[in-house]
Amino acid sequence: MPLITLKNVRHSYHDRPLFTDVNLVLEPGQRVCLMGRNGAGKSTLLKILAGEVIPDDGEVATAVGLTRAQMAQTVPTDDRGTVFDVVADGVGDLAAILREYHTLTHQFAENATDEIAKRLDELQHEIDTNDGWNLQNQIEQTLTRTGLDGELVFQKLSAGMKRRVLLARALVNEPDLLLMDEPTNHLDIDSILWLEKLLLNTSSSIVFVTHDRAFARKLATRVVDVDRGRVTSWSCGYDDFLKRKAESLEAEEKQQALFDKKLAQEEAWIRQGIKARRTRNEGRVRALKKLREEFRDRRKHVGSVKMEAHAADRSGQLVFKADDLSHRFGDLRIVDDFSTVVMRGDKVGIIGRNGIGKSTLLRILLGQLKPDKGQVKVGTNVQIAYFDQLQARLDPEQTLRANIGEGNEFIQVNGKSKHVVGYLQEFLFTPEQANRAIKYLSGGERNRLLLAQLFAKPSNVLVLDEPTNDLDADTMELLEDLVVNYPGTILVVSHDREFLNNVVTSTIAFEGDGIVREYAGGYDDYLIQKNKEETPQFEPAKVEPKPVAETKPSAPKKSNAEGGRGRKLSYKEQRELDNLPDRIAELEAEQEKLQAKIADPGFYQQSQDEIKKVSQRVEEIGDELLMALERWEELATIQEGS
């Protein structure tokens with residue numbers, strides 16, 4: 001029997017229609033992922049399924065005795081008490097009694113007064129009468145299952161641990177249907193993996209909204225797409241949905257092209273004059289009116305964000321050089337003897353559990369915090385744009401255009417003057433939204449506005465602290481393209497595994513107790529290298545050498561570095577050394593020219609072959625430049641030692 005059935009549901013938000021004629025059936029045992037652009041109405045649909053929002057029109061039918069639980073997108077600030085108290089709220093009417101009994105039990109253990117004993121007897125009677133001991137056991141089992149300490153104070157927990165408590169509260173009553181809005185927000189990778197495992201083993205049906213593509217790929221058995229007022233169900237996993245959705249959009253474009261052609265023909269016909277209004281043509285006139293209405297009501301597919309970072313003059317080859325960094329907060333060791341070099345063009349990911357010190361390392365590299373030991377050298381002409389979602393401030397009463405323009409109608413981006421409203425349209429905000437207060441934006445739209453604010457500032461180093469939270473999949477892919485093709489240097493803290501795999505060239509991993517290591521590649525590359533380190537290597541059995549005749553030991557062979565000392569460069573090597581500075585300058589000039597070409601908005605309107613050709617050449621230049629620099633350093637060292 002279906003859990004929930006929606007029939008011809010319609011709903012609007014302010015003056016904007018969100019859904020028209022939605023028909024949807026949720027069956028037991030499904031894990032349904034709601035997909036769609038920011039502001040499309042995913043959270044509103046989730047609230048309709050939760051019974052919190054009554055649609056403007058249509059029918060919502062629920063199964064008899066259906067139990068629902070919801071994990072909200074934002075962590076509430078008004079929850080007080082211990083973890084046990086917050087989780088107990090999920091059991092219903094007896095929650096207050098169980099919370100009081102739990103608190104008084106601990107007080108009685110410390111101070112056994114007659115007053116407390118009397119009240120405990122009264123509470124025990126109420127619990128016995130209402131079969132509350134089963135609920136008490138459910139709370140304790142849920143705390144164990146989710147790895148939570150019921151005695152901890154909720155308000156003192158990290159954002160990630162608070163979300164774990166809220167999930168426990170949602171699961172404690174074993175609901176038929178669990179509704180979750182962005183459950184991975186502010187969770188570190190270990191917590192996300194834990195959440196995936198927990199949800200895969202729950203008996204509840206699940207409907208969830210997520211920006212985390214790896215999470216959706218792991219969990220979803222069905223995808224419901226919210227697009228331009230239509231809600232379409234796809235009985236497949238995430239990857240198959242992407243393929244089918246692309247095919248559907250392609251077919252829709254062809255169908256609309258045929259429709260537009262027919263409409264143009266009929267418009268030409270009607271302009272012929274009085275002949276078109278003869279009685280025998282009245283049916284054709286009525287059909288034309290209908291075509292016009294369909295065209296007017298058509299909600300075209302929303303375009304893509306045109307993200308373009310305001311690039312400053314390029315920095316020097318060296319961006320950051322950290323030597324033997326060590327830092328503590330009290331007894332907590334953040335980093336211990338960590339060194340790294342960040343060169344121009346590097347894309348560095350930073351990972352680790354929440355609270356381990358990722359943002360602290362960023363502050364040390366940026367010179368905002370002095371380490372206990374070690375030093376950081378910052379290269380020449382470094383201009384930083386810093387995206388910090390948690391510390392960013394948006395006045396909810398301010399309009400979007402006031403936030404971006406700061407009182408000006410035009411802004412400068414890469415030498416071009418852009419009207420504020422036009423710039424906001426590149427980030428998919430309509431002119432109406434540009435004049436609307438920020439408080440009416442969804443979480444993902446706010447994040448997109450923060451990115452628009454960031455990219456309006458000139459920079460050659462982007463520092464991104466959790467940039468992907470709440471972004472829809474399309475916007476995330478475009479952010480990835482910008483990061484990959486950004487001509488400068490990028491440091492990014494992220495828990496999004498797919499984002500890291502797609503954009504970073506190296507990964508700095510916080511592994512606990514001050515141990516920080518750097519690995520080549522993205523998250524999956526880090527896992528492979530980490531697993532190799534932790535896997536015991538096979539050691540071959542020692543074989544005793546056969547006795548041999550005693551011989552005079554030969555002189556040890558010199559290493560390349562040792563062999564370079566005391567010798568002169570050959571004629572060929574000297575010529576190579578003399579020519580290398582010009583070669584390096586040529587490569588850097590070509591690199592700068594191609595990066596400017598990529599930064600041009602019209603670059604991606606070319607053929608895929610041309611885009612691929614230029615992108616590949618940029619990668620080749622980077623490799624050639626690195627080899628030339630290494631060769632120049634090698635020959636210069638030999639020359640100095642001669």
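**View A. Side-chain directions in strand 3 of the predicted model.** In this predicted model, R31, C33 and M35 point to one side of strand 3, while V32, L34 and G36 point the other way, and all of them are buried. Strand 3 spans residues 31–36, and 6 of its 6 residues are buried, so the strand is largely enclosed by the rest of the structure.

**View B. The pairing of strand 3 with strand 7 and strand 8.** Strand 7 (residues 205–209) pairs with strand 3 in the parallel sense over 4 bridges. Within strand 7, V207 is the bridge partner of V32. Strand 8 (residues 222–227) also pairs with strand 3 in the parallel sense, here over 5 bridges. In this second pairing, G36 has V226 of strand 8 as its bridge partner. In general, the strands of a sheet pair through backbone hydrogen bonds, in either a parallel or an antiparallel arrangement.

**View C. Positions listed under "binding site" in the UniProt record.** The unreviewed UniProt entry lists G36, R37, N38, G39, A40, G41, K42 and S43 for this feature. One of these positions, G36, is a buried residue of strand 3. A40 is located in the loop between strand 3 and helix 1 (42–50). With 17% relative accessibility, A40 falls under the 20% limit and therefore counts as buried. Leaving aside residues up to four places away in sequence, A40 touches L18, F19 and V226. V226 is also the bridge partner of G36 in strand 8. S43 belongs to helix 1, and its relative accessible area of 27% makes S43 partly exposed.

**View D. An open sheet of 6 strands with mixed pairing.** The strand order of this sheet is 14-17-18-12-19-20. Strand 14 (384–388) and strand 20 (516–520) occupy the edges, and each has a single partner strand, so one side of each lacks a neighbour in the sheet. On average, and with direction ignored, neighbouring strands of this sheet are turned by 15° against each other. Strand 12 (residues 347–351) pairs with strand 18 (residues 489–493) in the parallel sense over 4 bridges. In this pairing, I350 of strand 12 stands opposite V493 of strand 18.

**View E. Helix 11 and helix 15 on the strands of the sheet.** Helix 11 (residues 358–365) packs on the sheet and touches strand 12, strand 14, strand 17 (461–465), strand 18 and strand 19 (506–510). The direction of helix 11 makes about 155° with that of strand 18. Helix 15 (residues 443–455) lies across strand 14 and strand 17. Relative to strand 14, helix 15 runs at about 170°.

**View F. The surroundings of K530 in helix 18.** Helix 18 covers residues 523–534 and includes K530. K530 counts as buried, with a relative accessibility of 14%. The side chains of K530 and E511 are joined by a polar contact of 3.1 Å. Not counting residues up to four places away in sequence, K530 touches R517 and Y519 in addition to E511. R517 and Y519 fall within strand 20 (516–520), one of the edge strands of the sheet.

**View G. The contact between helix 6 and helix 7.** The axes of helix 6 (residues 159–171) and helix 7 (residues 189–200) come within 12 Å and cross at roughly 10°. This angle makes helix 6 roughly parallel to helix 7. Helix 6 contributes R164, L167 and L171 to the contact, and helix 7 contributes S191, W194, L195 and L198.

How values were computed
Residues numbered from 1 in each chain as written. Predicted model: local features only at pLDDT ≥ 70, side-chain atom pairs only at ≥ 80, totals over all residues. Heavy atoms only, no water. Buried < 20%, exposed > 50% of the residue type's maximum accessible area, 1.4 Å probe, protein only. Helix = DSSP H or I, 4+ residues; strand = E, 2+ residues; numbered from the N terminus. Pairing = 2+ DSSP bridges. Axes fitted to C-alpha atoms, helices over the stretch in contact; angles between N-to-C directions. Contact = heavy atoms within 4.5 Å. Polar contact = N/O pair within 3.5 Å; in protein donor to acceptor, adjacent residues only side chain to side chain. UniProt positions renumbered as here; feature names shortened; annotations may be inferred. Parallel < 35°, antiparallel > 145°, perpendicular 65-115°, else oblique.
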